[in-house]
Amino acid sequence: MTEIETGATTTTILTVEQQHLAEQLALEPGESFPAVFSTPWLLAQIERTAAKALHPLLQDGQLSVGARVSLEHVAPTRVGGEITAYARFVGTEGSLFLFDVWAEDKAGLIGKGTHARAIVPKAAVEKSAGKRHSLTSNN
């Protein structure tokens, strides 16, 4: 297994498109959200970026999963804006890999927080999801 150095930082870049907007979350009559980059998509970028940092540690059949997140979305970004997400590895806590995370657009900071991920067998995650589905299907 390769190691990850404390302070190692990864990035991902995303250009905001219509599908990334908070207004896309309005599914029921009366719901209204702004036409700006959504918090769920911000979280997705943070997860992608931290997962990218762990990619060199993965062995065949493994993947990393999000285990904990604390995220502040502090500024809006419009369609066409470019988001750069950052994940800086800060250490481990048991089996968790800990990251300081933030995202920026050309005007500056749009979000910041912390994120923890675990490396697990892909088959185990899918098996667990299958068991949970079986429990809910029988009720």
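This is a short talk on one protein chain, its strands, and three of its residues.

Hi everyone, thanks for coming. Before anything else, please keep in mind that the model is predicted.

Let's start with the overall picture. Our protein chain is built from two helices and five strands. If you walk along the sequence, the order of these elements is β-α-β-β-β-β-α. The chain has 139 residues, and 32% of them count as buried. For a sense of scale, a box of roughly 45 × 40 × 20 Å along the principal axes holds the C-alpha atoms.

On the outside, the accessible surface is about 8,500 Å², with 52% of it belonging to carbon and sulfur atoms. As for charge, there are 12 positive and 15 negative side chains, and the centres of these two sets lie 4 Å apart. And how is the chain connected to itself? Taking contacts with a separation of 6 or more, 63% are between residues 24 or more positions apart.

Now to the strands, and to β5 in particular. Which strands pair with β5? One of them is β2, residues 62-73, which runs antiparallel to β5 and is joined to it by eleven bridges. Another is β4, residues 96-105, also antiparallel to β5, this time over ten bridges. Getting from β4 to β5 takes a hairpin of two residues. If you'd like a landmark for that pairing on your screen, find L96, whose bridge partner in β5 is A118.

That brings me to my favourite residue here, H115. You'll find H115 in strand β5, which covers residues 108-121. Across in β2's direction, V69 has H115 as its bridge partner in β5. Is H115 buried or exposed? H115 is buried, because its relative accessible area is 3%, and the cut-off for buried is under 20%. What does its side chain meet in there? A polar atom of the H115 side chain sits 3.0 Å from the backbone oxygen of R68. Setting aside residues up to four places away in sequence, H115 also has a long list of contacts, among them I46, E47 and A50, then G66, R68 and V69, and also F97, L98 and F99.

Let's follow one of those contacts over to I46. This residue is part of helix α1, residues 39-54. With a relative accessibility of 0%, I46 is counted as buried. What does I46 touch, beyond its neighbours up to four places away in sequence? The contacts are L71, A85, Y86, V101, W102 and, as you'd expect by now, H115. To place I46 against an earlier part of the chain, take Q19: the two are 27 residues apart in sequence, and their C-alpha atoms are 17 Å apart in space.

Finally, for contrast, have a look at L58. This one is in the loop between α1 and β2. How accessible is L58? At 24% relative accessibility, L58 counts as partly exposed, since partly exposed runs from the 20% limit up to the 50% limit. Leaving out neighbours within four places in sequence, the contacts of L58 are L63, S64 and I119. L58 and T11 are 47 residues apart along the chain, with 18 Å between their C-alpha atoms.

So, to recap as you turn the model: start at H115 in β5, look for the R68 backbone oxygen 3.0 Å from a polar atom of its side chain, and then step across to I46 in helix α1. Thanks, and I'm happy to take questions.

Note on methods
Residues are numbered from 1 along each chain as its sequence is written. This is a predicted model: local features need pLDDT of at least 70, side-chain atom pairs count only at pLDDT 80 or more; totals for chains, interfaces and linings use all residues. Side-chain values use heavy atoms; hydrogens and water are left out. Helices (H or I, at least four residues) and strands (E, at least two) are DSSP runs, numbered from the N terminus. Buried means under 20% relative accessible area, exposed over 50%, partly exposed in between (1.4 Å probe, protein chains only). A polar contact is a pair of N or O atoms within 3.5 Å; within protein, one must be able to donate a hydrogen and the other to accept it, and residues adjacent in sequence count only if both atoms are side-chain atoms. Contact means heavy atoms within 4.5 Å. Accessible areas come from the Shrake-Rupley method with a 1.4 Å probe; for residues, only the protein chains shown count as cover. Lys and Arg count as positive and Asp and Glu as negative; His and the chain ends are not counted. The place of a charge is taken as NZ of Lys, CZ of Arg, CG of Asp or CD of Glu. Two strands pair if DSSP finds at least two bridges between them.
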